[in-house]
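New to this one? Take a moment to look it over, and then we'll walk through it piece by piece.

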Amino acid sequence: MSGYAGWDGGYGNGYGGWYAPPPPPPKPGAIPLRPLAVGDILSGAFSVIGRYGRQIYGFTFAILGITFLALGIAVGLAYLLVHSAVHAAFDSSPTGGQVAQLVVAGVTVGLVAVLTGLYGMAALQAGYAVATSHAVLGKPLTLGELWRQAHPRVLSVLGVQVLTGLLVGVPVILGYALLIGAVVAGVTAGSGAGVALALLGILLFLGGGACAAFFYIRFGMAPTAAALEGQPPVAALRRSWQLVQGSWWRVLGIMLLVVILVGVVNQIIQTVLMLIGGFSVSAATFSGGAPEPATFIILLLVILFALAVSSALTTPFPYLVATLLYTDLRIRQERFDLTLAEAAASAAASPR
């Protein structure tokens with residue numbers, strides 16, 4: 001059966017001749033070095049976790065732990081400074097000065113929470129991009145090396161996040177303002193004009209949301225560009241705008257798919273943990289009679305623990321997908337697969 005395709009390593013060309021099939025694209029690491037399908041991107045993200053799960057989750061829990069520790073210290077210091085005002089607020093009517101102390105302390109703690117949260121997310125995003133870039137090339141990676149390569153890029157990623165938040169948030173806020181203004185004007189104007197103005201406000205609000213979504217997708221590759229290319233924030237935004245050009249709908253579809261997958265997994269993890277914790281607490285506390293206040297505190301802690309664990313476990317996945325999507329866009333537009341293949345061959349040839 002010499003005419004069977006593949007029997008002698010070749011395929012018919014229609015004229016009685018044979019030729020060897022093209023070799024498969026190189027795959028030194030998590031993905032094949034060619035334009036990626038959606039399945040390649042999703043399976044590649046799981047492959048990154050499989051290769052560097054210990055480093056990724058060690059890095060995740062370390063950053064989250066430092067963030068919560070900083071917030072806890074801020075809360076503790078604030079309480080030490082205004083503890084008399086706190087007790088006065090619960091036990092009696094606080095004075096104007098005590099209310100001012102509570103407001104200042106609350107605003108300060110809120111600012112610390114926002115700043116530490118933003119820095120922590122920027123650090124995680126930079127670290128996930130570094131881990132994915134190593135996985136694409138099949139290079140080894142330690143936790144210490146992950147941090148050494150990620151931390152110089154954290155401020156650039158943070159700048160990208162702030163600018164993106166402003167660019168995305170302005171259309172949303174403007175849409176809300178126009179919606180409220182149109183509704184108020186409609187109520188004032190009367191029935192017929194009121195309905196028309198309300199509909200106009202809804203359209204303006206939806207338009208603001210559409211603009212926000214458009215900018216969010218167009219700038220979605222900017223954090224990865226800042227982390228891997230060393231781009232400053234504004235240049236990273238321009239870089240993302242260029243990469244997403246012509247692929248907006250595809251990027252949107254993949255991001256929506258990832259959001260749905262992460263949401264489902266989050267819900268499963270939270271449900272399992274809360275069921276286990278809830279049954280354990282119920283068996284230990286309700287069997288003896290009426291529940292005590294401590295029971296509800298423990299149940300609240302179980303819920304918070306479930307939320308924290310599910311968030312920590314699923315947090316890396318969207319950012320790994322984003323980095324692989326960034327890689328795919330560069331392969332399609334810049335033949336980045338050739339650069340990656342050369343880098344992988346050089347890394348394989350160098351002594352470790």
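What follows is a short tour, from the overall layout down to single residues.

## Before you start

This is a predicted model: local features need pLDDT of at least 70, side-chain atom pairs count only at pLDDT 80 or more, and totals for chains, interfaces and linings use all residues. Residues are numbered from 1 along each chain as its sequence is written, and side-chain values use heavy atoms, with hydrogens and water left out.

## The overall layout

The chain has 11 helices and two strands. Both kinds of element are DSSP runs numbered from the N terminus: helices are H or I runs of at least four residues, strands are E runs of at least two. Walk along the sequence and you get the pattern β-β-α-α-α-α-α-α-α-α-α-α-α.

Of the 352 residues, 36% count as buried. Here, buried means under 20% relative accessible area, exposed means over 50%, and partly exposed is in between (1.4 Å probe, protein chains only). About 19400 Å² of the chain is exposed, with carbon and sulfur atoms supplying 73% of that. Such accessible areas come from the Shrake-Rupley method with a 1.4 Å probe; for residues, only the protein chains shown count as cover. Now for contacts, meaning heavy atoms within 4.5 Å. Among those between residues at least 6 apart in sequence, 72% join residues at least 24 apart.

## The nonpolar cores

A nonpolar core is a set of buried Ala, Val, Leu, Ile, Met, Phe, Trp, Tyr and Cys residues joined through side-chain atoms within 4.5 Å. In soluble globular proteins, nonpolar side chains tend to be buried together. Which residues touch the most other members of the largest core? They are M221, V251, F317 and V321, out of 61 residues in that core. Helix α2 (residues 96-137) gives the largest share, 11 residues.

Have a look at F317: leaving aside neighbours within four places in sequence, F317 is in contact with L42, A45, F46, I49, V258 and V262. Apart from the largest core lies another one, of five residues, among them A78, V82, A105 and V109.

## Salt bridges

The structure holds eight salt bridges. To count, a side-chain nitrogen of Lys or Arg has to be within 4 Å of a carboxyl oxygen of Asp or Glu. One of them pairs R330 with E229, with the closest N and O atoms 3.7 Å apart. R330 sits in helix α10 (residues 316-334) and E229 in helix α6 (residues 222-229), so this pair ties together parts that are 101 residues apart in sequence. R330 is buried at 15% relative accessible area, while E229 is partly exposed at 26%.

R250 and D328 also meet in a salt bridge, at 2.7 Å from N to O. This pair links distant parts of the chain: R250 is in helix α8 (residues 248-285), D328 is in helix α10, and they are 78 residues apart. D328 is buried, with a relative accessible area of 0%, whereas R250 is partly exposed at 25%. A further pair is D337 and R335, at 3.3 Å from N to O. D337 is buried at 9% relative accessibility. Salt bridges that share partners also join E229, R239, R330 and E334 into one network.

## Helix α6 and two positive phi angles

How many of the eight residues of α6 are buried? Six are, which leaves the helix mostly covered: A222, P223, T224, A225, A226 and A227. Just after α6, G230 takes a positive phi of about 70°.

R335 has a positive phi too, near 55°, and R335 is a residue other than glycine. You'll find R335 in the loop between α10 and α11 (336-349), where R335 is partly exposed at 47% relative accessibility.

## Two spots on helix α1

Q55 is in helix α1 (residues 38-91). Is Q55 buried or exposed? Q55 counts as buried, at 12% relative accessibility. Not counting residues up to four places away in sequence, Q55 touches L141, T142, L143 and L146.

I73, also in helix α1, is partly exposed, with a relative accessible area of 47%. I73 joins L69, L77, Y79 and L80 in a nonpolar patch on the surface, with about 520 Å² of accessible area together. Patches are made of residues with over 30% relative accessible area and no salt bridge; like charges are joined within 9 Å, and nonpolar side chains (Val, Leu, Ile, Met, Phe, Trp, Tyr) within 5 Å.
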